[in-house]
Amino acid sequence: MKNELKPLWSNIFRFNWKFGLFLILLICIPRFILVLHGNTIGNMQFVGITMLIMSIAPFIFLNKNGRRKIGIKKPTNKSWLIIAFIIGGTFSVLLYFLGETLYGNSYENWFSYIGKSYNIPKEIDAQGKLTMFGIYALIAMTFSPIGEELFFRGIVHSSFANSVGDRKASLIDSLAFALVHISHFGLVFHNQQWKFLFIPTLIWVLSMFILSMLFYVCRKRSSSILGAILCHSAFNLGMTYCIFYPMIID
C-alpha cells in the first residue's frame, strides 16, 4: 500500500485514526477557544488563523498520493458540483426558517446569535448593506469552506477511513465538525455572561452533523473534495444572506 504521508512525517506517524485524532486535538481545541474569544469581543479575525492552518495541513503532511486520496483532484461527476451547491443553499434556508419558527429573533436563534458578530450598523443604508453583505459573503464562501473541508472531509476523514472505513469515518469527522461548532452557537455570550442553551444546542449540533454528512456525500458523489467545498460554500452564502436580509415568516 502506498504511503500518504511525506517522508518526514511517515517516520513519526501512520496515516490512521491516531493521526486523525491528533489533528483534531491539535487544531480544533485552539479553534474552539478562539471562536469563544471572538464572541466576547465581537470579532472573529483570529479564527482565520485556524482556517489557514486547516487549509494547508494536507500540503504540510501529505505527499501527492495522499492529497489525491483525500480528494484534491478533478471531479469525475461534475453535475454533482451543481447539486452540491443547491443542497448547501437549501439546507441553510431550511435551518433559518427552523430557527425563526422556534426562537424568533432572540439570541436562542443560531443565525441571530451568529449574526451579532457581523456588527451590522442599524443605520446602514441599502448600498452600504449590500457592500457589507458582499464582503462577508465572499469571506464566508472561501475561508471556512476551503479550510474546514480540506481538514474534516479531507485529511481527518481519510486518516480515520484507513482504520475504520469510509462510513464510520464520515460519522467521526461529522461529529467532530458538529461539536466544534458549539463554540459558534450553543455556548453563548449574552449580557456579559456565558450561557449554555441545552435544547437549542442539541438542535444546532444535530443540524451541523447532518450538514457535515451532506458535505461527505457531495465529496463522494463528485469524487472530489470540491463537491464538499461547494456545498459548504453555498450553505455559508445562504446563512449570510439570511442574516443580512431576514426572510419574513407570516
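Glu149, Arg153 and Asp173 are joined in a network of salt bridges, a salt bridge being a side-chain nitrogen of Lys or Arg within 4 Å of a carboxyl oxygen of Asp or Glu. The model is predicted, so that local features need pLDDT of at least 70 and side-chain atom pairs count only at pLDDT 80 or more, while totals for chains, interfaces and linings use all residues. Residues are numbered from 1 along each chain as its sequence is written, and side-chain values use heavy atoms, with hydrogens and water left out.

Within the network, the side chains of Glu149 and Arg153 meet with an N to O distance of 2.8 Å. Glu149 and Arg153 are four residues apart in helix H7, and are therefore separated by about one helical turn. Helices (H or I, at least four residues) and strands (E, at least two) are DSSP runs, numbered from the N terminus. In general, an α-helix has 3.6 residues a turn, so residues three or four places apart point the same way. The second bridge of the network joins the side chains of Asp173 and Arg153, at 3.0 Å from N to O. Because Asp173 belongs to helix H8 and Arg153 to helix H7, this pair ties together parts that are 20 residues apart in sequence. Glu149 and Arg153 are both buried, as are both Asp173 and Arg153; buried denotes under 20% relative accessible area, exposed over 50%, and partly exposed the range in between (1.4 Å probe, protein chains only).

The structure holds four salt bridges. Another of them is formed by Glu4 and Lys69, whose closest N and O atoms are 2.8 Å apart. This pair links distant parts of the chain, since Glu4 lies in the segment before helix H1 (7-10) and Lys69 in helix H4 (residues 64-69), 65 residues apart. Glu4 counts as buried, at 3% relative accessibility, whereas Lys69 counts as partly exposed at 33%.

The chain contains 10 helices and two strands. From the N terminus on, its elements follow the order α-α-α-α-α-α-α-α-β-β-α-α. For 250 residues, a compact globule would have a radius of gyration near 18 Å, and the 18 Å of the chain agrees with this; the radius is taken over C-alpha atoms, and the globule rule is 2.2 Å times the number of residues to the power 0.38. Along the principal axes, the C-alpha atoms fill a box of roughly 60 × 40 × 30 Å. Buried residues make up 48% of the 250 residues. Of the contacts in the chain with a separation of 6 or more, 75% are between residues 24 or more positions apart, a contact being heavy atoms within 4.5 Å.

The chain exposes about 12500 Å², of which carbon and sulfur atoms supply 68%. Accessible areas come from the Shrake-Rupley method with a 1.4 Å probe, and for residues only the protein chains shown count as cover. Trp17, Leu21, Leu25, Ile29 and Ile33 make a nonpolar surface patch of about 470 Å². Patches are made of residues with over 30% relative accessible area and no salt bridge, with like charges joined within 9 Å and nonpolar side chains (Val, Leu, Ile, Met, Phe, Trp, Tyr) within 5 Å. Leu25 lies in helix H2 (residues 17-41) and is partly exposed, with a relative accessible area of 46%.

Helix H7 (residues 126-164) bends by about 40° at His157, the bend at a residue being the angle between axes fitted to the seven residues ending there and the seven starting there. Just after H7, Gly165 adopts a positive phi of about 95°. Most residues other than glycine have a negative phi. Asn119 nevertheless has a positive phi near 55°; this residue is found in the loop between helix H6 (110-116) and H7 and is partly exposed at 46% relative accessibility. Ser223 likewise shows a positive phi, near 60°. The loop between helix H9 (198-222) and helix H10 (225-244) holds Ser223, which is partly exposed with a relative accessible area of 26%.

His181 occupies the loop between helix H8 (166-180) and strand E1 (187-190). With a relative accessible area of 7%, His181 is buried. Not counting residues up to four places away in sequence, His181 touches Arg31, Glu148, Trp204 and Met208.
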